[in-house]
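Please open the structure in your viewer and keep the selection panel at hand. The tour below moves from one selection to the next, and says at each stop what is there.

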Number of protein chains: 2
Amino acid sequence: MADMQYLLRPIGLVESPLKSKDACPKQGYEGAPDAWLVIDPAFADGLDGLAEKDEVLVLTWLDQGRRNLLKVRPRGEMSSPLRGVFSTRSPDRPNPIGLHRVVIKEIQSRSRLKVYPLEVLDGTPILDIKPVLSSVAEK
Amino acid sequence: MADMQYLLRPIGLVESPLKSKDACPKQGYEGAPDAWLVIDPAFADGLDGLAEKDEVLVLTWLDQGRRNLLKVRPRGEMSSPLRGVFSTRSPDRPNPIGLHRVVIKEIQSRSRLKVYPLEVLDGTPILDIKPVLSSVAEK
């Protein structure tokens with residue numbers, strides 16, 4: 001398995017007023033701002049079917065995450081005991097994929113989506129967008 | 001942005017009785033079986049803090065997904081109109097990352113986790129495990 005590797009290619013980038021890690025809330029619901037998902041026009045056809053007011057899951061690549069950490073202090077608080085990264089939402093993890101539940105507030109020119117709330121840095125690569133499933137299992 | 005690319009390295013593999021795509025339910029809650037998350041021992045420290053009965057999100061790499069499709073018929077039904085992949089949960093998408101909400105039923109020898117329900121094929125690479133957040137925003 002050590003030989004297995006896969007290549008991700010971003011489908012777009014986040015435009016956000018958040019310009020430094022210190023400015024980013026730990027979670028979207030902790031005061032994160034509106035942000036734009038700027039999708040590469042080559043992928044715009046994949047957005048058909050999304051509409052304003054839809055709730056979606058946005059997957060990002062947290063490119064400033066440290067991939068060699070397996071233990072972290074939750075929320076970066078030095079008084080917290082170390083925990084395995086897979087029991088936390090730390091951006092430091094082997095594959096630093098961010099998962100964000102947002103609402104689409106506006107769609108411009110087929111490939112720019114204003115969403116809320118999003119806690120990632122300006123310039124963060126976007127990997128995927130998925131609808132929220134309305135089943136019990138999704139909740 | 002066309003130049004940006006990132007390398008994923010799986011943290012483990014799924015062991016499942018599901019041996020063919022046709023056998024896989026479309027969603028976990030549609031009759032998917034128990035499966036084992038077999039984590040590479042090199043990443044076992046990252047599991048500390050996870051316990052039986054925890055609900056977690058498992059991210060997988062759907063390595064049989066077709067990455068060049070931007071429109072699909074939801075659930076593979078030929079009578080459905082084509083939709084953009086980002087408004088569906090199709091495994092065919094530019095970055096075929098699977099997202100699965102499961103319960104941990106059992107933990108064996110620190111790096112084998114029995115989970116339920118999981119609808120992916122035997123041998124599917126595992127990218128990440130994240131706790132379900134209990135906030136309203138996660139629901």
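Begin in chain A by selecting E2(A) together with E9(A), two strands that run antiparallel and are joined by two bridges. Please bear in mind throughout that this is a predicted model. Within this pair, pick out A:Gly12, whose bridge partner in E9(A) is A:Ile126.

Keep E2(A), residues 12–15, on display and add strand E3 of chain A, residues 35–39, to which E2(A) is joined by four bridges, again in an antiparallel arrangement. A:Gly12 appears here as well, since its bridge partner in E3(A) is A:Ile39.

Now bring chain B into view and select the contact between the chains, to which chain A contributes 50 residues and chain B contributes 50 residues. On the side of chain A that touches chain B, the elements giving two or more residues are strands E1 (6–8), E4 (55–61), E6 (83–84), E7 (97–108) and E9 (125–131) of chain A. Which of these elements gives the most to that side? It is E9(A), with six residues, the strand already met as the antiparallel partner of E2(A). If you colour the side of chain A that touches chain B by residue character, you should find 27 nonpolar residues, ten polar and 13 charged.

For the last stop, select E1(A) and strand E1 of chain B, residues 6–8, which run antiparallel and are joined by three bridges. Which residue of E1(B) stands opposite A:Leu7? Label the pair, and you will see that A:Leu7 faces B:Leu7 across the two strands.

Terms used. Residues numbered from 1 in each chain as written. Chains lettered and ligands numbered in written order. Predicted model: local features only at pLDDT ≥ 70, side-chain atom pairs only at ≥ 80, totals over all residues. Contact = placed C-beta atoms within 7 Å. Nonpolar A, V, L, I, M, F, W, Y, C, P; charged D, E, K, R; others polar. Pairing = 2+ DSSP bridges.
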